[in-house]
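The following exercises are intended for a reader who is new to this structure. Each task is followed by a solution in steps.

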Amino acid sequence: MAAIARYGMRMVPDSAEIIRQCRERGQLVEGPHVAQFESEFTRLLGGGHVMAASLEYGRMALLKVLKALQIPAGSEIIVPALTFWVVPEITRVAGLQPVFADIDPATFTLSPAAVERAITPRTRAVLPTHLYGLACDMDPILALAKKHDLKVIEDCAHSLGATYKGRMVGTLGDASFFSFQAFKPLNTFGGGLAWVRDADVAQRVAEYIAAEPLPTEKRVEKVLSAGWWQRTFIRPTVFTYSLFPLWYLASFTNVKPDRYLWEKVQRLDPQPPHYGGKFSNVQAAVGLAALARLPEFIERTRRHAKVFDGMLGDIPGVAIPRIPEGQTHVYYQYCPYVPDSAGLVRRCIRRGIDVAPMHVDVCTRMEIFGWKGPATPGAEKAATSVQVPVYESLADHEIERIGRTVREELLKQAKR
Ligand SMILES: *Cc1c(COP(=O)(O)O)cnc(C)c1O
């Protein structure tokens, strides 16, 4: 039986054709689609200034936004203790000092009370990550920002399409950014986009983007083929005979081979050479097609999550993801708390389901940040949850199989 990988890609069925057409017209790098993509994205968000900002990385959109906001060097910026390590590292590249605030382990998102405790006279900004597809509790965070005159920059890498009290995430603060890496909610094989509320700030972001070099055609082809390889590796037939056997063997040992999947943790100043480059026309063309399908992608992912809610919600000691009143979740990840996550991961892997230990970073315990501030027990607790594969491209029978396997293993654990 084929194994099921932890990640899947949102692919529009005709992307090969879209790419072929761009190539044929000589419009891989430049063309009309970037502006069209930006205007469709603006429509989705409902206004503001939207700018495709980078060929390969969401983080480069963040860096441009931070610089364009002209926050004085050395200011403190409040970042969740649980987020992708790159986010606080980029704030340092922008000359700011990240200060970690704890998350609410029930929702995995930034705790407004922790933000309030972290504010000092040097604080100038807050950077909430809408982790796993659910918005942070933004109203109290926005109220604190108003009271203390802080900029609010939303990290929407996981949460395109999620809403908070009827508003789209990415439009709640002063600025936001999105990532279009292969496994993110909108896949253009890499890339990043910035949203900005204020016209002057937008003008400066546009200048930073204009200063980026156009990628060569060869480099764009490389980005496309990297995306193709990633897709190939997580196809059930390929995954089953490539990565999965390593996972399987490792489940009997203490070795954690999956850490090699993740990017090496390192200082990003000086900026690695491949970080530059403008978003390309072919990515925008693929992105346009993906945007048209976004509602369907979200709907199917939600349906998958609902199936898991039904199958796992009644098991003693298990806490399924919680959605606060007035919010919608887009389930970039489905992360329940279970009594013994390492044990569950091992047992599911032996049955062909790549359930993973939670993998975003508890930044407060990472050497690179040398955090000396208060402990962040919420983030530590979050690290005991697991990620159950929930992505859109899974068929209903696969979701059924995943849910049944996880349920059976959890019930066995409960008996032990
Ligand atoms: C992926 C991600 C980013 C930025 O993504 P890149 O495109 O890799 O730069 C930012 N925040 C979070 C939480 C992410 O998962």
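## Exercise 1: Salt bridges across the chain

In this predicted model, the count of salt bridges comes to 22, where a side-chain nitrogen of Lys or Arg must lie within 4 Å of a carboxyl oxygen of Asp or Glu.

Task: Determine which parts of the chain are linked by the salt bridge between Glu 221 and Arg 23.

Solution. Step one is to check the distance: the side chains of Glu 221 and Arg 23 meet at 2.8 Å, N to O. Step two is to place the partners. Glu 221 belongs to helix 8 (residues 217–234), and Arg 23 belongs to helix 1 (residues 15–24). The two are 198 residues apart, and the pair therefore links distant parts of the chain. Step three is to judge the cover. Glu 221 has 26% relative accessibility and so counts as partly exposed; Arg 23, at 40%, also counts as partly exposed.

## Exercise 2: The salt bridges of helix 14

Task: State where the salt-bridge partners of Arg 407 and Glu 408 are located.

Solution. Begin with Arg 407, which forms a salt bridge with Asp 314; their closest N and O atoms are 2.8 Å apart. Arg 407 lies in helix 14, while Asp 314 is in the loop between helix 11 and strand 13, so the pair ties together parts that are 93 residues apart in sequence. With a relative accessibility of 24%, Arg 407 counts as partly exposed. Asp 314 reaches 53% and counts as exposed, because the term applies over 50%.

Continue with Glu 408, whose partner is Arg 351, again with 2.8 Å between the closest N and O atoms. Arg 351 is found in the loop between helix 12 and strand 14 (356–357), and Glu 408 in helix 14; 57 residues separate them. Relative accessibility is 31% for Arg 351, which counts as partly exposed, and 32% for Glu 408, which counts as partly exposed. Elsewhere, salt bridges with shared partners join Arg 300, Arg 303, Glu 392 and Asp 396 into one network.

## Exercise 3: The span and buried residues of helix 14

Task: Compare the span of helix 14 with the expected value, and identify the helices against which its buried residues pack.

Solution. Helix 14 covers residues 396–415, 20 in number. From its first C-alpha to its last it reaches 29 Å, close to the 28 Å expected at 1.5 Å a residue. The next step concerns cover. Among the buried residues of helix 14 are Ile 399, Ile 402, Val 406, Leu 410 and Gln 413. The buried residues of this helix pack against helix 9 (236–241), helix 11 and helix 12 (341–350).

Gln 413 serves as an example within helix 14. Gln 413 is buried, because its relative accessible area of 11% falls under the 20% limit. When neighbours within four places in sequence are left aside, Gln 413 is in contact with Pro 339, Asp 340, Gly 343 and Leu 344. Gln 413 and Gly 343 are 70 residues apart in sequence, yet their C-alpha atoms are 8.5 Å apart in space.

## Exercise 4: Strand pairing

Task: Establish in which sense strands 9 and 13 pair, and in which sense strands 2 and 4 pair.

Solution. Take first the open sheet of three strands, ordered 10-9-13, in which the pairing is antiparallel. Its edge strands, strand 10 (167–168) and strand 13 (327–328), each pair on one side only. Strand 9 (residues 163–164) and strand 13 are antiparallel and share two bridges; Thr 163 stands opposite Thr 328.

Next, strand 2 (residues 76–80) pairs with strand 4 in the parallel sense, over five bridges. Phe 100 in strand 4 is the bridge partner of Val 79. Strand 4 (residues 97–101) is mostly covered, with four of its five residues buried.

## Exercise 5: Covered helix and surface patch

Task: Decide whether helix 3 is mostly covered or uncovered, and which residues form a nonpolar patch with Phe 252.

Solution. In helix 3 (residues 58–68), ten of eleven residues are buried, and the helix is mostly covered. The buried residues include Met 60, Leu 62, Leu 63, Val 65 and Leu 66. After the helix comes Gln 70, with a positive phi near 55°.

For the patch, Phe 252 is joined by Tyr 248 and Leu 249; together the three have about 310 Å² of accessible area on the surface. Phe 252 sits in the loop between helix 10 (243–250) and helix 11 (281–312). Its relative accessibility is 48%, so Phe 252 counts as partly exposed.

Terms used. Residues are numbered from 1 along each chain as its sequence is written. This is a predicted model: local features need pLDDT of at least 70, side-chain atom pairs count only at pLDDT 80 or more; totals for chains, interfaces and linings use all residues. Side-chain values use heavy atoms; hydrogens and water are left out. Patches are made of residues with over 30% relative accessible area and no salt bridge: like charges are joined within 9 Å, nonpolar side chains (Val, Leu, Ile, Met, Phe, Trp, Tyr) within 5 Å. Accessible areas come from the Shrake-Rupley method with a 1.4 Å probe; for residues, only the protein chains shown count as cover. Buried means under 20% relative accessible area, exposed over 50%, partly exposed in between (1.4 Å probe, protein chains only). The expected span of a helix is 1.5 Å times one less than its number of residues. Contact means heavy atoms within 4.5 Å. Two strands pair if DSSP finds at least two bridges between them.
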